[in-house]
Amino acid sequence: MNHNFKLISQRILAGGNPTTREEALSMLAASDEQTLSLVEAASDLRRYYFSNTVKVNYLVNLKSGLCPEDCGYCSQRLGSQAEILKYTWMKPQEAVEQAGYGIAGGASRICMVASGKGPTDRDVERVATMIEDLKDEYPQAEVCACLGILKEGQAQRLSEAGADAYNHNLNTSEDHYQNICSTHTYQERVDTVSAAQEAGLSACSGLIVGMKETDQQLVEAIFALKNLEGDSIPVNFLMPFAGTPLEDTWELTPLRCLRILCAVRMVNPEKELRMAGGREMHLRSLQGLALNVVNSLFLGDYLTSEGQSALDDLKMIQDGGFVVLGAEDRNLVAEHEAILREKKLESVASNNSCGTAPCSSSGGCGDQGGSSSLPVPRKRGAGTDLAPNA
Ligand code: SF4
């Protein structure tokens, strides 16, 4: 059934009925020609709740690879042959240092992530120290922890240490979950999000799309996120790493990605909606247009893969007439360019073509991940001696 998408957003803004499952399905099924009118409708909601602000988040991968779980989409999974960085827990001081690069780049939220099914109590203490140290140095920064499935009391401990939020994605629908992971259940994921909320943490939970889910399953997942009543929804687009079960899975087009983001926005009008991992390779040149639907992104690189340069992220935000939340009075593009000029001089002086300070090179050394059509394993930033992309 064809719907007038604009009427749906107008109805929502007038306090009428929320988007139904059937309407969300029709959004996913919209033709390429209809997609711009869908974006316009979703943009009305985005503008109403978030004006022209973009929340910038920054990932710090505290522990990479070496995971015993078998999530089929993940380059860190058991048996993954993906050539990613593998390292165990970084030191608190390094975590704070890495976070500082993102904060300097305009990030207001630092996402501290570790691979694994879930943390031991000792791991939680380790991360609690990192959070306390980070908050001491950057009291204004929000911290979101992402450590997997939590056990009794762990969410409370993270909250006491100063964490603001906890991320645990539902990823897909309940009935598709068993097709992508056999070592833990969908329900365990739901329970962890609930535990975080009960401990007073803001819940962040989202999706990975392009994993052979049907439109019906995607709609179920979008409504499950709505029912969770979290505060932020990251939408990841599958990066089919070579060496994982979903390698060679290419189902998404840029316009399809836009329709998915629109459907999530239309069902969750007031939630922080983030275009997350894989946006560069799947939305491609439509990333800027997607900012009219989403109000949040990750700056720079992802956990195990490279993103487009942080400078290009900031230019994209500025070019679209958006401002970075919390940095409305700063010219982040000019700041980044000044840092780059300074570092270029330093590297020429030291004959070092890839310095140790924040690297935002647009087309410079190592900057190939964002625009590549294949996932490019991250080889800079956390866990390396090289400058991060921030
Ligand atoms: S998503 Fe997390 S739990 Fe699953 S394999 Fe990757 S690191 Fe492990």
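This report describes the confidence, domain arrangement, annotated binding site, ligand surroundings and selected backbone features of a predicted model.

## Model confidence

The structure is a predicted model. Its protein chain has an average pLDDT of 93, and 93% of the residues reach a score of at least 70. Residues 352-371 fall below a pLDDT of 50; beyond near neighbours in sequence, this stretch nevertheless has 57 contacts in the model.

## Domain arrangement

The domain assignment divides the protein chain into domain 1, covering residues 5-46, and domain 2, covering residues 52-333. The C-alpha centres of domain 1 and domain 2 are 25 Å apart. Contact between the two involves 20 residues of domain 1 and 19 residues of domain 2.

On the side of domain 1 that touches domain 2, the elements giving two or more residues are α1 (5-13), α2 (21-28) and α3 (32-50). Helix α3 provides the largest share of that side, with 9 residues. By class, the residues on this side of domain 1 comprise 13 nonpolar, 4 polar and 3 charged.

## Annotated binding site

An unreviewed UniProt entry carries the annotation "binding site" for Cys111, Cys144, Cys204 and Arg274. These residues span 164 residues in sequence, yet no two of their C-alpha atoms are more than 14.1 Å apart, so the annotated positions gather at one spot.

Two of the annotated cysteines can be described in further detail. Cys111 lies in strand β2 (residues 109-114). Cys111 counts as buried because 24 C-beta neighbours lie inside 10 Å, the cut-off for that class being 20 or more. Leaving aside residues up to four places away in sequence, Cys111 touches Asn57, Tyr58, Leu59, Val60, Cys144, Cys146 and Asn167. Cys144, one of these contacts, is itself covered by the annotation.

Cys204 belongs to strand β5 (residues 202-204). With 28 C-beta neighbours inside 10 Å, Cys204 counts as buried. Not counting residues up to four places away in sequence, the contacts of Cys204 are Cys144, Ala165, Tyr166, Asn167, Gly230, Asp231, Ser232 and Pro234. Cys144 and Asn167 appear among the contacts of Cys111 and also among those of Cys204.

## Ligand surroundings

The residues around the ligand are Cys67, Glu69, Cys71, Cys74, Gln76, Arg77, Ser115, Gly116, Lys117 and Gly148. Divided by class, this shell holds 3 nonpolar, 4 polar and 3 charged residues.

## Positive phi values

Most residues other than glycine have a negative phi. Asn171 has a positive phi, near 75°. Asn171 is located in the loop between β4 (165-167) and α7 (174-180). Because Asn171 has 23 C-beta neighbours inside 10 Å, this asparagine counts as buried.

Arg284 also has a positive phi, near 50°. The loop that contains Arg284 runs between α11 (279-282) and α12 (287-290). Arg284 has 14 C-beta neighbours inside 10 Å and therefore counts as partly exposed. The two loop residues thus fall into separate classes, with Asn171 buried and Arg284 partly exposed.

Definitions and conventions. Residues are numbered from 1 along each chain as its sequence is written. This is a predicted model: local features need pLDDT of at least 70, side-chain atom pairs count only at pLDDT 80 or more; totals for chains, interfaces and linings use all residues. UniProt positions are given in the numbering used here, feature names are shortened, and annotations may be inferred rather than shown by experiment. Helices (H or I, at least four residues) and strands (E, at least two) are DSSP runs, numbered from the N terminus. A residue is buried if 20 or more other C-beta atoms lie within 10 Å of its own, exposed if 12 or fewer, and partly exposed in between; C-beta atoms are placed from the backbone. Two residues are in contact if their C-beta atoms, placed from the backbone, lie within 7 Å. pLDDT is the predictor's confidence in each residue, from 0 to 100. A residue is near a molecule or strand if its C-beta atom, placed from the backbone, lies within 6 Å of it. Ala, Val, Leu, Ile, Met, Phe, Trp, Tyr, Cys and Pro count as nonpolar, Asp, Glu, Lys and Arg as charged, and the others, Gly among them, as polar. Domain bounds come from an automatic or database domain assignment.
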